[in-house]
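Trainee: Could you take me through one part of this protein slowly? I'd like a close look at the disulfide and whatever sits around it.

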Amino acid sequence: MPSAFLKMNSSKPLPLAGIGVFSNTTCPTERKISVFFSVIFMTVGILSNSLAIAILMKAYQRFRQKSKASFLLFASGLVITDLLGHLITGTIAVFVYASDKDWIRFNQSNILCSVFGMCMVFFGLCPLFLGSVMAVERCIGVTKPIFHSTKMTSRHVKLMLSIVCFCAIFIALLPILRLRAYQIQASRTWCFYKTEHFEDWEDRFYLLFFSCLGLLALAISFVCNAVTGITLLRVKFKTQHRQGRSHHFEMIIQLLAIMCVSCICWSPFLVTMANIGINGNHSSESCETILFALRMATWNQILDPWVYILLRKAVLKKLFQIARRFCGVRLITFPSWELSSIKNSLKVAAVSDSPVNSKQTNLQLLSSPVQ
């Protein structure tokens, strides 16, 4: 989802000849915001994701374990997708706004609206799909560490990333393949599936299909992250040793942040689109409601790098030091951090799942030096 188009004001639509037509519905007039502010808003997303990519590349060169490499590859795919989303769709939106939304002049053949709509669908679904795949990968890594270490190779991760991208591309191209045009929305600042004046079931199907896939991805992420968090808590209280305690705390915080940000940002837009698809031409969703839901979804691309990458152990340690200083209470003790938190998680999970020589293995873990 782009960032710039969310700040654009709306005006009365004009008729347009050709495939792309304007909606007859008008959005309430909003406060005028300069194109400069829209560019700044888009730039924040680009810089955030660029910083996250730099951190990921540095971490990938530092850690070569299979488990860590798979996580870094998935995370890299996510932030690169978010970066391209801000760059491509944001640029198109700024161009539309700078051209005073005169679609008649630059969209005679509906090519720009089609490209805009496909980008909106692709860069909307692809991060959701990647988030669910990452949740599944983390769940397998914690609950089935041996299977994860032997089967989750870099080649398999790259194959999964390719499959996710091709699925999102196919869904974005589906209306074009069916000779259905993307529609310029009521605000005249963005293009998407037809959201009003449905002609048949197919117009409603695209909205429902998009919404159901997005909500399914969120549900998978929620379930897998919940299973991972419960497993980590169970292992923590079962082992009762200090090594890995900071890792457990770090992972639980990250999982909660991922679930909260994804659900809060995406649920309004997905539910709104599903409601429009179900009710069809009788939908009561206003243009203002749609734009608000879209703003919420857009923030997910800005917050993604901060949740997945920048909310790291060093940041958490500093936050708790500040909290201790303000509260005057020793909230938590941070021992030496494990350099590879994923590796530590696999060792602890493997110990908890092994019924043979568990006591002896626990003693070895307790006596082993922290790396």
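Mentor: Let's start at the disulfide and work outwards to the loops and rings. A word on the ground rules: this is a predicted model, where local features need pLDDT of at least 70 and side-chain atom pairs count only at pLDDT 80 or more, while totals for chains, interfaces and linings use all residues. Residues are numbered from 1 along each chain as its sequence is written, and side-chain values use heavy atoms, with hydrogens and water left out.

The structure has one disulfide (a pair of cysteine sulfur atoms within 2.5 Å). Its partners are Cys 113 and Cys 191, with 2.3 Å from S to S. The torsion about that S-S bond is about -125°, so the disulfide is left-handed. Cys 113 sits in helix H4 and Cys 191 in strand S2 (residues 191–192), so the bond ties together parts that are 78 residues apart in sequence. Helices here are DSSP runs of H or I with at least four residues, strands are runs of E with at least two, and both are numbered from the N terminus. Cys 113 and Cys 191 are both buried; buried means under 20% relative accessible area, exposed over 50%, and partly exposed in between, using a 1.4 Å probe and protein chains only.

What about other cysteines? Cys 139 is in no disulfide, and the nearest cysteine sulfur, that of Cys 224, is 4.8 Å away. Cys 139 is buried too, at 13% relative accessible area.

Now the helix that carries Cys 113. H4 covers residues 111–143, 33 residues in total, and spans 48 Å from its first C-alpha to its last, close to the 48 Å expected at 1.5 Å a residue. That expected span is 1.5 Å times one less than the number of residues. Of the 33 residues in H4, 27 are buried, so the helix is largely enclosed by the rest of the structure.

On the other side of the bond, look at the loops flanking S2. Arg 188 is in the loop between strand S1 (183–184) and S2, and has a positive phi of about 60° despite not being a glycine. Arg 188 counts as buried, at 6% relative accessibility. His 197, in the loop between S2 and helix H7 (201–239), also has a positive phi, near 55°, but is partly exposed at 45%. Why point these out? Most residues other than glycine have a negative phi.

Then come the rings. Two rings of Phe, Tyr or Trp (its six-membered ring) pair if their centres lie within 6.5 Å; planes under 30 degrees apart count as stacked, over 60 as edge-to-face and the rest as tilted. That rule gives 15 aromatic pairs. In one of them, Tyr 193 and Tyr 206 have ring centres 5.6 Å apart and planes at 15°, so the pair is stacked. Tyr 193 is in the loop between S2 and H7, and Tyr 206 is in H7, 13 residues apart. Tyr 193 is buried at 3%, as is Tyr 206 at 5%. Phe 205 and Phe 209 are stacked as well, 5.3 Å centre to centre with 10° between the planes. Both lie in H7, four residues apart, about one turn of the helix. Phe 205 is partly exposed at 34%, and Phe 209 at 28%. Ring pairs link these four into a cluster whose members also include Trp 190 and Phe 192.
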